[in-house]
Amino acid sequence: MPLENVGAITLFVEDAARSKEWYATVFERPLAFEDEVSAAFQFDNMIVNLLAAGEAHALIEPAAVGPSGAGARFQFTIWVADVDAACLDLRTKGIDLINGPIDRAWGQRTACFADPDGHIWEIAQSLG
């Protein structure tokens with residue numbers, strides 16, 4: 001059976017309440033679930049689950065939870081129709097961009113920003 005549909009990603013966060021507020025403000029997505037240690041937001045075909053890092057060990061043991069602030073090892077990309085408009089919207093919400101907007105050699109215009117725990121998000125538009 002092929003593994004072809006990502007239904008959820010779980011991000012380990014230092015402060016679940018702070019992250020919940022940030023994601024609610026930035027993405028304006030409905031909550032699919034929440035409790036004292038987590039908040040899950042429904043995107044079109046995927047849930048982004050924010051879980052307090054102290055609770056993460058139970059999910060991944062015997063693997064270790066990486067330390068906060070160790071540096072980016074991935075980024076998530078969200079397709080948008082207009083990167084410049086999306087960047088303006090992010091700035092009105094108080095979000096600082098890491099980079100961009102930048103026209104990339106592979107035919108996309110992109111910009112990146114990070115959540116309070118350093119998870120990198122990219123917005124991208126096809127330049128067609």
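Okay, let's start with a pair of strands: β2 and β3 run antiparallel to each other and are joined over four bridges. They make a hairpin, with two residues between the strands. If you want a spot to look at, find Leu 31, which stands opposite Phe 41 in β3. Before I go on, please keep in mind that this is a predicted model.

So where does that hairpin sit? It belongs to an open sheet of four strands, in the order β1-β4-β3-β2, and the pairing there is mixed. The edges are β1, residues 8-13, and β2, residues 31-35; each has a single partner strand, so one side of each has no neighbour in the sheet. On average, neighbouring strands in this sheet are turned by 15 degrees against each other, if you ignore direction.

A quick reminder for anyone who hasn't looked at sheets in a while: strands pair through backbone hydrogen bonds, and they can do that parallel or antiparallel. We've had the antiparallel kind with β2 and β3. For the parallel kind, look at β1 and β4, where β4 covers residues 47-52 and the two strands pair over six bridges. Within that pairing, Leu 11 has Leu 50 of β4 as its bridge partner.

Now the helices on this sheet. Helix α1, residues 16-27, packs on it and touches β1, β2, β3 and β4, with a direction about 15 degrees from that of β3. Helix α2, residues 53-60, lies across β1 and β4 and runs at about 110 degrees to β4.

Let's move to the other sheet. This is an open sheet of four strands too, with mixed pairing, and the order is β5-β8-β7-β6. Which strands are at its edges? Those are β5 and β6, each pairing on one side only. The average turn between neighbouring strands here is 15 degrees, again ignoring direction.

Inside this sheet, β6 and β7 run antiparallel and are joined by four bridges. Asn 99, for instance, has Cys 112 in β7 as its bridge partner. Helix α3 packs on the sheet, touching β6, β7 and β8, and its direction makes about 165 degrees with that of β6.

And here's the bit I'd like you to remember: α1 comes back. We met α1 packing on the β1-β4-β3-β2 sheet, and α1 also lies across β5, β7 and β8, running at about 155 degrees to β7.

There's a nice side-chain detail to go with that. The model has twelve aromatic pairs by the rule used here. One of them is Trp 22 with Phe 113: the pair is tilted, 6.2 Å centre to centre, with 40 degrees between the planes. Trp 22 is in helix α1 and Phe 113 is in strand β7, residues 108-114, so this pair ties together parts that are 91 residues apart in sequence.

On to pockets. How much space is in the largest pocket? About 550 Å³. It is lined by 21 residues, and the closest to its centre are Phe 27, Phe 43, Ile 78, Trp 79 and Trp 121. Who supplies the lining? At least two residues each come from α1, β5, α3 and β8, and the largest share, four residues, comes from β5. By type, the lining splits into 14 nonpolar, two polar and five charged residues.

The second largest pocket holds about 410 Å³. Its lining has 18 residues, and Gly 66, Pro 67, Gly 71, Asp 117 and His 119 are the closest to its centre. Here the split is nine nonpolar, six polar and three charged.

Last topic: a few backbone details to look up on the model. The peptide bond from Glu 61 to Pro 62 is cis, with omega near 15 degrees, and Pro 62 sits in the loop between α2 and β5. There's another cis bond from Gly 100 to Pro 101, with omega near 0 degrees; Pro 101 is in strand β6, residues 97-103. Then there's Glu 28, in the loop between α1 and β2. Its phi is near 50 degrees, which is a positive value in a residue other than glycine.

That's my tour. Before questions, one thing to find on screen: helix α1, with the β1-β4-β3-β2 sheet that it packs on and the strands β5, β7 and β8 that it lies across.

Methods. Residues are numbered from 1 along each chain as its sequence is written. This is a predicted model: local features need pLDDT of at least 70, side-chain atom pairs count only at pLDDT 80 or more; totals for chains, interfaces and linings use all residues. Side-chain values use heavy atoms; hydrogens and water are left out. Two strands pair if DSSP finds at least two bridges between them. Axes are lines fitted to C-alpha atoms, for helices over the stretch in contact, and angles run from 0 to 180 degrees between N-to-C directions. Contact means heavy atoms within 4.5 Å. On a 1 Å grid over the protein atoms alone, a cavity is a set of points where a 1.4 Å probe fits but cannot get out, and a pocket is an open set with protein on both sides within 12 Å along at least five of seven lines; lining residues have an atom within 4 Å of a point. Grid points are joined across faces, edges and corners, and a volume is the space filled by probe spheres set on the points. Ala, Val, Leu, Ile, Met, Phe, Trp, Tyr, Cys and Pro count as nonpolar, Asp, Glu, Lys and Arg as charged, and the others, Gly among them, as polar. Rings of Phe, Tyr and Trp (its six-membered ring) pair if their centres lie within 6.5 Å; planes under 30 degrees apart count as stacked, over 60 as edge-to-face and the rest as tilted.
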